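This report is for a reader who is new to the structure shown below. It takes up backbone details, helix packing and the empty spaces inside, in that order.

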Amino acid sequence: MELKKTDGRVLGTAVLFLACFAAVLLYCMRFGSMISLSGDAADIWKTITTYYTADRYPSYVLYKGFASVYPYVWLYQLAVLLGTNEFFFVMCYHGLLFGYIIAFGIPTLVKELTGYEPKWWQKVLLAVVLFWFWSRYKALSDLMVDLPSCAFFLLSIQCAVAIVHYSGWKRWVMVCLAGLLCGLCANISGQYSIAAACIMVFACVQIWKSAPAGRRLGRRFLAGFLPLAVLLCLAMGSVKLLNLAFQATVLQPFQDSGVYIAPAEAWMHRALIFMIDIGRLFYGSQLYDARGHEIVMSLYGAEEGTRLLELAAAGGYGWTIAEYFRAFFQHPVDFIMLYLNRLMIAISDDSGICALRSLLPCYTMVYLAIVTAIKGLKRLRDLFCAKLWLVLGALASMIPVLVMTVEMRYTLSLQSMLFGVALAGPILPRLWGTVSGGIHQCRQEKSLRSLLDRKFPWEVMGWIVFCAVCLAYFGSICAASDMGTGMLYHW
C-alpha cells in the first residue's frame, strides 16, 4: 500500500511538471519572439546570435557576466541546427524552470519551513496562481534572468536541505551542488548575492548536523565538518572564477578595441541616486516617492540636487556605497520609510491598473503566510533555528529592490516563499476543515445557532483589517504619484 502511495505521488508530480512545462511552452509560442517587449533582451540577443562569429555584437547587457549569454547561445545554436523557431529551445528552458519551481522547488521549501507535505491540489492551485502573476511580469515569456535566478535559488535550497539525508559520496555530491548553485545565484544576478550567502550558512549548518555524532567536538569539526565546508566554499568560488574568465575572454577584447561596456558597479552607483524617488518601474503607472527626491534636495540644496538627479538620469553621475551610507545616516528614518514603501509596492500586484481582483489575492496570501509563521512559532528557539536562514535568503533577494526600485519581476523568490507557504502550506486544509465542519454541524442541527458557540473568528477579522490597511497604504502611494483617475480602485 505504501509503495502504491509513493508511486502515485511520483506520477502526480511528473504529470504536474509536464503540465507546467507545456503551459509555459504553449504560452511562449503564442508570441513567437522572446525579445519584442524588452530592450535588454533585444540587445543581448544580438550578442547571442553573433557569439560564434567574427562580428560578435558588444551588448551593454554583457556586464551581467556569463549568465547573460549561457545557456542561451547553445539553445540558439541547437534551434538553428534543427531549423526551428530560434527561440524554441529557450522557451523549452523556461518551461523546464517553471515546472521545476512548481513541482519540486517550492514544495521542498514549504516542507522544510513548515514540516507539511503539500497535497496535489495545492500544487495545482499554486501553479495556476503563479502562472497568472508571473506571466504579467513577462518573466515566463521574455528573455531575462529572473526565472532562472529563482529556479536556481530554490534548487540550491533543495540541495542544501538534502545534505542531512545522504551519507558517503552522495553527501559530498549534494554539498558540491549546493555550493555551485549558490555561486550561480550570486553571479547570475547581483540581486541574489546576499541571498546566496544565507543559503551557504544554512548549508554549513546542515553539514554540521550530518557530521558523525559521538566524537569529541574538535574531531567532529576536523573530520566531519571542515572538509565538506571547504568543498562548499570551493564550489561556490569556482563559479566566480568562471565569471572572471568570461570577462577576460569576452568583455576585455571589446574594451581593448575601444568599446565601452559599463560594469555592474557603474549601473548600481547610478541607480542608488537616480532611482531614489522611483517606487516602481515598467509595470503599469510609474510610482514616485517624493521623500526620496526631498532627501537629495536636503543633502545638496534644490539647485544642485536637481542638477545631480538630471545628470544621473543621463548616466553621468552616481553614488558610491560610502556616499549612499552617508546619506542614510543623515536621514535614517526617511530611508526606512522608503524601504517600507517599496516593500508595500512589492507585495501589491495591482495588475498595473489598481485592480482589486489582483490586490486582494496578494494580500490574502501574504496574510496566510504570516498566520502560518505565527502558528509555527511556539517558542523563541523556533525562530532562531537553521530554517531562519532560508527565510532570510528569500527576504535578502529583495534588498536591491528596497534600495533601488521595484520591478515586479524581481519579486519571484519572495512570492515563491510567501505564496508557497500560503497555498501549499498547512493552513488551507486546516481552514477548509474548519469551514466544512461548521457547515456539517449546521446541516445536522438544521440551524445556524451553533455558529454562535464557536470560537470568535479573530483570524478572519485580522484578514479584513490587514487587507484594509494594505489597500490604504498602497492607495496613498498611488495618490502621491500623479496618476489621476488611474489611482482609483476597481475590480
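## Backbone details

P71 sits in the loop between α2 (39–49) and α3 (72–82). In this predicted model, the peptide bond that joins Y70 to P71 is cis, and its omega is near 5 degrees. Most residues other than glycine have a negative phi, and most peptide bonds are trans.

A second loop, between α5 (120–136) and α6 (146–162), holds K138. The phi of K138 is positive, near 65 degrees, in a residue that is not glycine.

## Helix α8 and its two partners

Two packed helices are described by the angle between their axes and the distance between the axes. Helix α8 (residues 193–210) and helix α9 (residues 217–256) have axes that come within 9 Å and cross at roughly 150 degrees. Angles over 145 degrees count as roughly antiparallel, so α8 and α9 are roughly antiparallel to each other. The crossing in which α8 passes α9 is right-handed. On the α8 side, the contact uses A196, M200, A203, C204, I207, W208 and K209. On the α9 side, the residues are L217, R220, F221, G224, F225, L228, A229, L232, C233 and M236. Sorted by class, the contact of α8 with α9 has 14 nonpolar residues, one polar residue and two charged residues.

Helix α8 also packs with α6: their axes come within 9 Å and cross at roughly 10 degrees. That angle makes α6 roughly parallel to α8. From α6, the residues F153, S156, I157, A160 and V161 meet A195, I199, F202, A203 and Q206 from α8. The contact of α6 with α8 has eight nonpolar and two polar residues, and no charged ones. A203 of α8 appears in the contact with α9 and also in the contact with α6.

## Helix α5 against helix α15

How do α5 and α15 pack, and at what angle? Their axes are 12 Å apart, and the angle is about 125 degrees. That makes α5 oblique to α15. The crossing of α5 and α15 is left-handed.

Helix α5 brings V129, W132, F133 and R136 to this contact, and α15 brings R357, S358, C362 and M365. The classes in the contact of α5 with α15 are five nonpolar, one polar and two charged.

## The second largest pocket

The second largest pocket encloses about 950 Å³ of space. It is lined by 35 residues, and those closest to its centre are A369, I370, A373, V391 and M417.

Helix α15 (residues 356–376) supplies the largest share of the lining of the second largest pocket, with seven residues. By class, this lining has 27 nonpolar residues, three polar residues and five charged residues.

## Two cavities

Rolling a probe the size of a water molecule over the atoms shows where empty space is left. How many cavities of 30 Å³ or more are there? The count is two. The largest cavity holds about 40 Å³ of space, and its lining consists of A346, I347, C362, V366, L414, Q415, L418 and F419. Both α15 and α19 (412–424) supply at least two residues each to this lining. Helix α19 gives the most, with four residues. The lining of the largest cavity divides into seven nonpolar residues and one polar residue, with no charged residue. C362 is in the lining of the largest cavity, and C362 of α15 is also part of the contact between α5 and α15.

The second largest cavity has a volume of about 30 Å³. Around it are L272, I276, Y324, F335, L338, Y339, R342, L402 and V403. Two or more residues of this lining come from each of α14 (332–346) and α18 (399–403). Helix α14 gives the most to the lining of the second largest cavity, with four residues. Eight residues in the lining of the second largest cavity are nonpolar, none is polar and one is charged.

Definitions and conventions. Residues are numbered from 1 along each chain as its sequence is written. This is a predicted model: local features need pLDDT of at least 70, side-chain atom pairs count only at pLDDT 80 or more; totals for chains, interfaces and linings use all residues. Side-chain values use heavy atoms; hydrogens and water are left out. On a 1 Å grid over the protein atoms alone, a cavity is a set of points where a 1.4 Å probe fits but cannot get out, and a pocket is an open set with protein on both sides within 12 Å along at least five of seven lines; lining residues have an atom within 4 Å of a point. Grid points are joined across faces, edges and corners, and a volume is the space filled by probe spheres set on the points. Ala, Val, Leu, Ile, Met, Phe, Trp, Tyr, Cys and Pro count as nonpolar, Asp, Glu, Lys and Arg as charged, and the others, Gly among them, as polar. Axes are lines fitted to C-alpha atoms, for helices over the stretch in contact, and angles run from 0 to 180 degrees between N-to-C directions. Angles under 35 degrees count as roughly parallel, over 145 as roughly antiparallel, 65 to 115 as roughly perpendicular and the rest as oblique. A crossing is left-handed if the near helix is turned anticlockwise from the far one by less than a right angle, and right-handed if clockwise. Contact means heavy atoms within 4.5 Å.
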